[in-house]
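Me: Please take a close look at a single chain of this model, covering its confidence, its annotated spans and its contacts with its partner.

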Amino acid sequence: MSASSNMNWDRRNVLRAAMGLAAAGGLAACGSNTGRGAGGSGDALVQYFHAYGEAGVEQAVKRYAKAYKDANVATQWITGNNYEQKLFAALLTKNAPDVFEFHPQIQMVKSGQVADLSDIIDPVKDDFNPADIKSHTVDGKIYGVRMIDDPQFLFYRPSLFKKAGVQVPTTLEELIEAADKLTTSKVKGLFLGNDLTSIDRPLIWSAGADTLTADNKPAFNTDAVADGLKQLRALFTSGNLLLDAPADSWDPSALIQGLTAIQWCGMWAMPAMQKALGDDIGIFPFPKVGSAGKQSVYNGGWSMFVNAKGKNVEAAKEYVKWLWIDQKKYQEDFATSYGFHIPPRTSLAASATKLKSGLPAEGVKLFNEFGHFDNIGWTQAMIAAFWDVIANTVRKNGDPKAALDACEKKVDAELKKLFG
Amino acid sequence: MSTTTTRGVAQPAPAKVSKARPRRGLGASSTFNFWLFTGPFLIGLVIFVFVPIGWSIWLSFFEARFTVTPSEFVGLDNYKQVLTDTNFRNSLVTFTVFAAFIVPATWAMSLGLALLVNRLRFMRAFFRSVFFLPTAVSYVAAALIWKMSIFNGVRFGLANTFLGWFGIDNIAWLANPDPPWYWLVIVTVRLWLQSGFYMILFIAALQNIPRELYEAASIDGAKPGWQTFRHITLPQLRATSTAVILLLLVAAYQAFDEFFNLLGKATWGQPPLVELYKMALGQNQNYGAGSAGAVVLTLLICVVTLFQGKIMGFGRGEESK
C-alpha cells in the first residue's frame, strides 16, 4: 500500500461508518412503516377498507376515525379488484389490520381470525335487520357488525326501451331477447360485468336453487342452473353483450357513457346514474331462469370485523362499537351521503329520507321483495369454484353439467374441512 | 485547502501510523472486509430467500390452511393433491406455450432493435433511450394500459378503432377466449416492456465484435448484410444470446403481473405462479398445497436450467464464444 492511499483510510472509515448508519437508518425506516400514524392518544389501530368508487367515501372514513378519541386509527384504503386476497394474506402477518370490512364467511370464524362481537351487538340486536344478524351468526355468536346492505339488480334506460319497443324482462329468455333488440352499432344491449362473475348467485337463486341447503350441503347443482348457464353462453356469443368494458359492472360508467342499455350494478351507483341520466333510469331484479325459478336480487353489503389475533382486540372492539353501533349520524352519512346503501339498522332505514322516494325507494322495495342475503357457509373458495363454472361454461364452451359437478366436488371438499 | 507543498510534508507522518493502524483496527482486514461487504447481502439473502425456501419446504408437508405455523403433519398429501390437480398441470402447459411465443419473439426483436440502433449515425443515444424506457414501466401499469385503453372491447378502444376502419366488428380481446386473442395482448405487453433491456445487452455485445473481423471478411469477399450477419455477427453474439435466452426463460417462468391483471377470473392462460398464488394466497389460503407446488416448480426450473446450460454451453467460459 502506498502512503497516499493509507492516508485515505481515515476518510474511508468515516465513509463506511456513514454508510453503515445510512443502511441502519434505512432498515429502521422500513420497520416503522406500518401504516400507523405516530403520536396521538391511546392505542394505535389499523383498519382496512376496499376502495369505494364514490367520491368522498375515503375522506369520510378517515374523518370518522379521526373523531374517535380513545385510539389512533389509521386507515388503509385497498385499491384494486382483489381486496379479499390482500386481506387474507395480510391477516397472517404481524401487520394485519385490527379491524377490517368484509363479508361474513365461516372459514374466518373456524380459523379463529375474527373475534366474537356478540357482547357489543346484543344490546342493539333488535334494531338490526334480522337477516343481517342471521348471516353473521355461528353457533349463537355474532361475528361482525353489518355496516351497509347493498342490493344489486339490473339498471336500464327506459328511453332506449321505448325506442326499441321492449318491455321490462321478467325471464332470462325475455332478457336475452331484449338485449338483442336493444343492440345497435353503438350501444350493446346488456352488460353483466366483464367476466360475468357478479351474477353468480343471482343466477342460482333465480333458477330456484340455492348456494347451500340449510344443513350446508351443495344446492346449486340443478338442471335449471345448467340450463341458465347454457342460455348465458348463447347470450355471450350473440354479440349483444358488452364485453371488455374499461370499467367493470360495479362502476356505473358503462350505462352512463351509453355503452349499454341494461347493466348489472348496485344501489350504491344510483346517485351517479341519476346525476348523469336524470329520470332516464329504471331497475328490475335478475329475471327468472327456467319455469320453476323466481326473480332475485342479491343483497350484498359490507360488515366490520375485528381481527381476533390482533394486538388490541379490546380496543378494536371498542372502536367498532363506537362507530358502527353508537354513532348513528356517521352510519347514516356513510349509507346515504355518497353512494346509496340501505342501513342495516331498522331505526336508521326508517329515518333515511333519501331512500324514501323515487328510484332509491324502488331499490328498497326490490331489496325487501326479492332479496337474498349472504350465506355465511358459502366461502370465498366456493365462490371462486363457482366463478370457474361461469368461466368454463359461459365464456368457454364447456359442458354446464360437467362443470357444475366439478364445482360440487370442490365445494364438498371445502364443506368437509369446515364442518367435518 | 492543502497545497501540494503541505501535502508533501504531511505525508510521511500518517504513513508511519498506517503500518500499525490497519492491524489494530482491522486486524484480519481481508476477512473482516469480506464479511463487511458481503454481510448485508448475505443477511438479506438468508432472511428473504433461504428462510422462506426452507419454510416453504416444511409447510409443504403440513395441512396449512389459514395459517403458516401449522401442526398437522400430512406427509406427501399436498404433493399428491398438486400433481393430480389439472389446473396446476395446465399451468405448466400455459407456461410452455407462453415461453414458446415470448422467448424467440423478444430475442428477435431486441436483436433487431440493437442492429438498427447500432447502425445509426446520429441520435443513437436518443433511440437507445426511447427503446429502453419501457423497461422502467411497471408491469401492472402497462397491463392496465393494455387492458383499459388499447385492448378494451368497446368501440373506442385503440385496437378496435383501428379494426373499425376496415369494417371489422369489435373484438372482446380478453373476455372471450375463443379465438384466444388474449395471447396477443399478453405477448405484446411483455414484448414492449422487456425488448429494450435485452436490446442494450445486444448493443454492448455488438460493440465488442472486433472490426477487423468484418474487414477480413470483406477482403475475403463476404457481402455486407445477411452474409456477414450470418457468419460473423451471429456467431460472435453466441454468448450474449445464450445469456439472453436464459434470462428470458427465467423471466417467463416468473410471469405473473400481466396474467394476473389481464385475465382476472379466467380459468385459462394461468401460468404456474398465478395458479400457486390462487392456491396459497388467494381464495383458498392453502399454504401447504401452495408450498408443495412451489417446491415442484423450483425443481422443474433447476432441471430445465441445467439442461439448457448443457445444450447451449452457458458458463463454459471463453471457448463457448
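Reply: **Chain B at close range**

Chain B has an average pLDDT of 85, with 88% of its residues scoring at least 70, where pLDDT is the predictor's confidence in each residue, from 0 to 100. This is a predicted model, in which local features need pLDDT of at least 70 and side-chain atom pairs count only at pLDDT 80 or more, while totals for chains, interfaces and linings use all residues. Residues are numbered from 1 along each chain as its sequence is written, and chains are lettered from A and ligands numbered from 1 in the order in which they are written. The model scores ipTM 0.78 and pTM 0.83.

Within chain B, confidence is highest in helix 9 (residues 182-208), at a mean of 95, and lowest in helix 1 (residues 4-10), at 43; helices are DSSP runs of H or I with at least four residues, strands are runs of E with at least two, and both are numbered from the N terminus. The pLDDT is below 50 over residues 1-23 of chain B, a stretch with 13 contacts in the model beyond near neighbours in sequence, a contact being two residues whose C-beta atoms, placed from the backbone, lie within 7 Å.

An unreviewed UniProt entry places the feature "transmembrane region" at several spans of chain B, including residues 125-146 and 181-206. Residues 181-206 of chain B are 96% helix and 0% strand, with end C-alpha atoms 35 Å apart, whereas residues 125-146 of chain B are 73% helix and 0% strand, with end C-alpha atoms 27 Å apart.

Turning to the partner, 31 residues of chain B are in contact with 33 residues of chain A. Helix 2 (residues 12-25) of chain B supplies the largest share of chain B's side, five residues.

How values were computed
UniProt positions renumbered as here; feature names shortened; annotations may be inferred.
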